Amino acid sequence: MASGNTPTLALRSAKGVEVWKLEQNAQQLTFHPDARFTPDQSKSCRAVVYSPDGRFLAWANGSTVQLCRVLPGAMQSIASLPRPKACYLRFSPRSTYLMTWEVYTENPQETPKEKPNLFIYRAETGEEEFSIIQKRHQEWQMHWSCDETIAALLVGGEALFYDHGPSGPGFKQVAKRFGSLRNGGLSVAPGPSPPHIGVYMPGTKGAPSMCRLFKYPNLEMNQPVASKSFFQADKVDMMWNRKGTGLILLTSTEVDTSGESYYGKQALHYMTPKGDSCGIQLKAEGPIHDVAWSPKSTEFCVVYGFMPARATLFNLKCDVVYDFEPGNRNSIFYNNFGNLILFGGFGNLPGYIETWDLPRRKKLASFKAPDTTCLEWNPAGDTFLTATTAPRLRIANGFKVWHYSGALLGEYNWTGELLEIIWQKYPPGTFKEVSISDEKIVGIVSTTPVASKQKYIPPGARNSVTVTASGQTIDVRPPIPGLPPGYRSSTQIKNSRKNKKAVNKAAASAATANEGETGGETTAAPAPKKQPPRKNAKNNADGDLANGNANTNTKSGGSSTNESNSVPKVSPTGDPNKDKKIKAIHKKLKDIKVLKEKHERGEPLVQTQIVKMNSEGQLMKELEALKVA
């Protein structure tokens, strides 16, 4: 980290707006309010933002928009802008202008009933420079070139261009106009001036949608430097790299007509100002979770597919450079130097985080940060911040700072609702590129409670479940609440008695059949005739036995034992191995019979079931061979 530059944190919560600083104590970071900043105690703050170079800080507190200058020893107030309804704030690339936007409203009682809702102020003085009616909620902001000489605004279905060059009229006059953009999009490329302009024109009446690139100020329809047409695009996100040499188009539809996905259909396309365009081919089906350019502008990464999702690096020719191992991830974060990449699994995933050393293609750490709603790299590039914020999660709000090796350096548990937290920005070149090592940093142990991994047992089943030595779980609760364990009803006792009779009868039938096949070589002793006991006595005996009150000296118990001992176990072939094979074949033939019945009823069968059903003939041959032998 550069000497004398320690990024601060701006926090927006239900208590107001605060600025905190970080202090390093051994291996732990501590957080304290910055004495240079006087906290704003307004309870309805809607936005807070640092300028791209970190010189200015602005926030909307529900009554005004406060603008202040960040100095090494103090926070100097510049202006209090009369914008009580402002909900979005943004600075221009060089921090010259501050843009504020509020929800558009009409009041028939006032004249005029339509009033501007997008305002632009000069950051140095707080003077209003421009205002206009902007009904768009998305892409409301002014688009700037990197040197702020060209500003473009999409209003309705028309793009308005303002020239802020040395001889330009600025906001006083519209320099260029571009129409036919209703429900379309606009993007100004970074890089040297004059910039390239990307426009998205939706298709109508069966015509394809189209994205075209123009070189400002040549904005005629017949003067594009590149063009790409595609179908199935209700929305297009245009993403430039930092140098303005490549443009990625993420197209999406709200409804997938093929029915393959509930969330619509997505596709990726690539364009360059040189006129090249192509589709980006992905290796797996499924949604496109995230796309991000490397800060070096030489490659980009895509996370896509069903979970576990794939992540792939592409070069500027859309060739695959590297495939990361699949994992539970849905977001991508590069540090400011592009030598570290972080994959996160947030939202419906429980906070999986992976950090990778890109030059060496090596995974550095893999851990979890549960309940993370936002993540941002430190401008120094070696640490990052995760936070749990409202309104996504209204309990257990707070933030943590992590090292790229996976060590937790510091955490703070917020009291109440934390709405937003951001790092202070710095101009490019302030920090040197961090050198990556495999050394594991010793961090602290989080005080956040960890969710239990034990299987949930409802209160009624607790202390009523036993686990045997083999790992089998046995529920000893009675079938009827309030009765002692092991109790069986009279119906269960009758069913148990019927099952015993059926088993004894089947065993006797099998013994008789075996005697007939062996020709009487083995003669079983005749079973003694048992006198049936009285009905009431039998029921009482079975009931007592089931409920744990059996008398072991009863006659019925003794006669049952003698009867079971009198049935001999006769082998069908005399060879135990052959008997096992015959038994297995009979089981397979029984299963085949069931499959045939399903097939006749028209039920679908899988391939393995069809193969098993076709093996009936071979099984019959094997069975005959065993019996003959």
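**Group meeting: strands, hairpins and one helix pair in a predicted model**

Let me begin with strand β26, residues 309-315. Five of its seven residues are buried, so this strand is largely enclosed by the rest of the structure. I should say at once that what we are viewing is a predicted model.

β26 has a partner on either hand, and I will take these in sequence order. With strand β25, residues 299-304, β26 pairs in the antiparallel sense through six bridges. Within that pairing, Phe300 has Phe314 of β26 as its bridge partner. The two strands form a hairpin with four residues between them, and Gly305 in the turn shows a positive phi of about 95 degrees.

The pairing of β26 with β27 is also antiparallel, and five bridges hold the register. Here Phe314 appears again, now with Val320 of β27 as its bridge partner. This hairpin likewise places four residues between its strands, and Cys318 adopts a positive phi near 65 degrees.

Staying with β27, which spans residues 320-327, I would draw your attention to Phe324. Is Phe324 buried or exposed? Its relative accessible area is 2%, and since anything under 20% counts as buried, Phe324 is buried. Leaving aside residues up to four places away in sequence, Phe324 touches Cys301, Ala311, Thr312, Leu313, Phe343, Trp356 and Leu358. Phe324 is also 15 residues from Ala309 in sequence, with 9.8 Å between their C-alpha atoms.

One of those contacts, Cys301, leads to the cysteines. Cys301 is itself buried, with a relative accessible area of 0%. Cys146, by contrast, is partly exposed at 35%. How many disulfides does the structure hold? The count is zero.

I turn next to the hairpin of β20 and β21. Strand β20 covers residues 235-240, and strand β21 covers residues 247-252; they run antiparallel and are joined by six bridges. Lys235 stands opposite Ser252 of β21. Six residues lie between the strands of this hairpin, and among them Gly244 takes a positive phi near 75 degrees.

The faces of β20 deserve a moment. In a regular strand, side chains alternate between the two faces of the sheet. In β20, the covered face carries Val236, Met238 and Trp240, while the uncovered face carries Lys235, Asp237 and Met239.

Two open sheets come next. The order of strands in one of them is β8-β9-β10-β11, and the pairing is antiparallel. At its edges stand β8, residues 88-91, and β11, residues 128-132; each has a single partner strand, so one side of each is left without a neighbour in the sheet. From one strand to the next, the twist averages 15 degrees. β8 pairs with strand β9, residues 97-101, in the antiparallel sense over four bridges, and Tyr88 stands opposite Trp101 of β9.

The other open sheet also has four strands, in the order β12-β13-β14-β15, with antiparallel pairing. Its edge strands are β12, at 143-144, and β15, at 176-178, each pairing on one side only. Strand β14, residues 158-163, meets β15 through three antiparallel bridges, and Ala159 has Phe178 of β15 as its bridge partner.

Further along the chain, Gly398 lies in strand β34, residues 398-403. With a relative accessibility of 9%, Gly398 counts as buried. Beyond residues up to four places away in sequence, Gly398 touches Thr386, Ala387, Thr388, Tyr412, Asn413, Trp414 and Leu418. The C-alpha atoms of Gly398 and Leu419, which are 21 residues apart along the chain, are separated by 9.7 Å.

I come now to the helices. Helix α4, residues 576-600, and helix α5, residues 607-614, pack at an angle of about 120 degrees, with 9 Å between their axes. The crossing of α4 past α5 is left-handed. On the α4 side, the contact involves Lys588, Asp591, Ile592, Leu595, Lys596 and His599; on the α5 side, Gln609, Lys612 and Met613. What kinds of residue make up this contact? They divide into three nonpolar, two polar and four charged.

I close with the protein as a whole. Its secondary structure comes to six helices and 38 strands. Of its 629 residues, 40% are buried. Among contacts with a separation of 6 or more, 44% are between residues 24 or more positions apart.

Notes. Residues are numbered from 1 along each chain as its sequence is written. This is a predicted model: local features need pLDDT of at least 70, side-chain atom pairs count only at pLDDT 80 or more; totals for chains, interfaces and linings use all residues. Side-chain values use heavy atoms; hydrogens and water are left out. Axes are lines fitted to C-alpha atoms, for helices over the stretch in contact, and angles run from 0 to 180 degrees between N-to-C directions. A crossing is left-handed if the near helix is turned anticlockwise from the far one by less than a right angle, and right-handed if clockwise. Contact means heavy atoms within 4.5 Å. Ala, Val, Leu, Ile, Met, Phe, Trp, Tyr, Cys and Pro count as nonpolar, Asp, Glu, Lys and Arg as charged, and the others, Gly among them, as polar. Buried means under 20% relative accessible area, exposed over 50%, partly exposed in between (1.4 Å probe, protein chains only). Two strands pair if DSSP finds at least two bridges between them. A disulfide is a pair of cysteine sulfur atoms within 2.5 Å.
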